[in-house]
Amino acid sequence: MRQVYFFGTCLVDMFYPDAGIAGVKLLEHAGCVVNYPQAQSCCGQPPFNSGFRDQAATVAINQLALFKDGHDLVVPSGSCAGMIKHHWPELLAGTKHEAAAKELAARTYELSEYLIDVLDVALNDRGPALDICLHTSCSARREMGVAEQGKALLARLSKVTVKVAQYETECCGFGGTFSVKQPEISAAMADDKAKHVAATGAQQFVCGDSGCLMNISGTMGKQGMNLNPAHLYDFVWERIQ
């Protein structure tokens, strides 16, 4: 059987643990043996985005040894996957860790990408007919280039219809530390995103990145929208039960 590593991410661990468990179960459903090193922590993106490159590099170095056995590393987040795949090699360039960072980057995947492009997962949709709206994070869309894989995963649920929001490619305003440094701008962007999602007439809102999900669902709650926000992998797993 194919063995993989699973990188849980901080936000999944602290705010959406069911989505992490669902991600593991989806990989197992597709025939994988999932390895979850207990010592894993952050990908280092918060210090990296704030300009603390040395601290981010230290975080990366501490993680490298945990994923050294050559298994593919699967991440339920476009932003964290992008950090490992694109920025760890950059941070560790010219150090003794550069080769290890590049080797790990070459086998790092966002979860929907892995389920579709590598595993070609089959899904038997057991839920009722449902219209949903999917938001894909900027990192998943632009850095990892996996926007279509999220849609493709949902397309394998035979009774789910994905409604496309106006300006679907625009940022929700989270942007990691951006939402802390520029709260007014972030809130305005999230407000626009929530309204565009609601305007699709979808019955449920789904998102594959925890930061965006927190930002948009929080805004929806303040606006009194009842769109039952769900993490993509939690949603998919529940549909096939």
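This passage describes the domains, sheets and domain interface of a predicted model.

The protein is divided into two parts, domain 1 (2-118) and domain 2 (130-240). In the UniProt record, an unreviewed entry, the feature "domain: Cysteine-rich" is placed at residues 4-85 and 134-216. Over residues 4-85 the chain is 54% helix and 13% strand, and the C-alpha atoms at the ends of this span are 16 Å apart. Residues 134-216 are 52% helix and 12% strand, with their end C-alpha atoms 11 Å apart.

One sheet of the model is open and consists of 4 strands in the order β2-β1-β3-β4, paired in parallel. Strands β2 (32-35) and β4 (108-110) stand at its edges. Each of these two strands has a single partner, so one side of each is left without a neighbour in the sheet. On average, neighbouring strands of this sheet are turned by 35 degrees against each other, direction ignored. Strand β3 (residues 72-75) pairs with β4 in the parallel sense over 3 bridges, and the bridge partner of V74 in β4 is Y109. Helix α5 (residues 78-91) lies across β3 and β4; this helix runs at about 165 degrees to β4.

A further open sheet of 4 strands has the order β6-β5-β7-β8, and the pairing is parallel. The edge positions are held by β6 (160-163) and β8 (230-231). Because each of these edge strands has a single partner strand, one side of each is left without a neighbour in the sheet. Within the sheet, strand β5 (residues 130-135) and strand β7 (residues 204-207) run parallel and are joined by 4 bridges. C133 stands opposite F205 in β7. Helix α9 (residues 147-155) lies across β5 and β6, and its direction is at about 165 degrees to β5.

The relation between the two domains was examined next. The centres of domain 1 and domain 2, taken over C-alpha atoms, are separated by 22 Å. The contact takes 32 residues from domain 1 and 26 residues from domain 2. The size of an interface is often given as the accessible area lost when the parts come together. Domain 1 and domain 2 bury about 2300 Å² between them, and 66% of this area is on carbon and sulfur atoms. Of the area that domain 1 buries against domain 2, 25% is supplied by Y16, L26 and I116, more than by any other three residues. Across the interface of domain 1 and domain 2, 0 salt bridges are found.

Terms used
Residues numbered from 1 in each chain as written. Predicted model: local features only at pLDDT ≥ 70, side-chain atom pairs only at ≥ 80, totals over all residues. Heavy atoms only, no water. UniProt positions renumbered as here; feature names shortened; annotations may be inferred. Pairing = 2+ DSSP bridges. Axes fitted to C-alpha atoms, helices over the stretch in contact; angles between N-to-C directions. Contact = heavy atoms within 4.5 Å. Domains from an automatic or database assignment. Buried area = accessible area lost by both parts, 1.4 Å probe. Salt bridge = Lys/Arg side-chain N within 4 Å of Asp/Glu carboxyl O.
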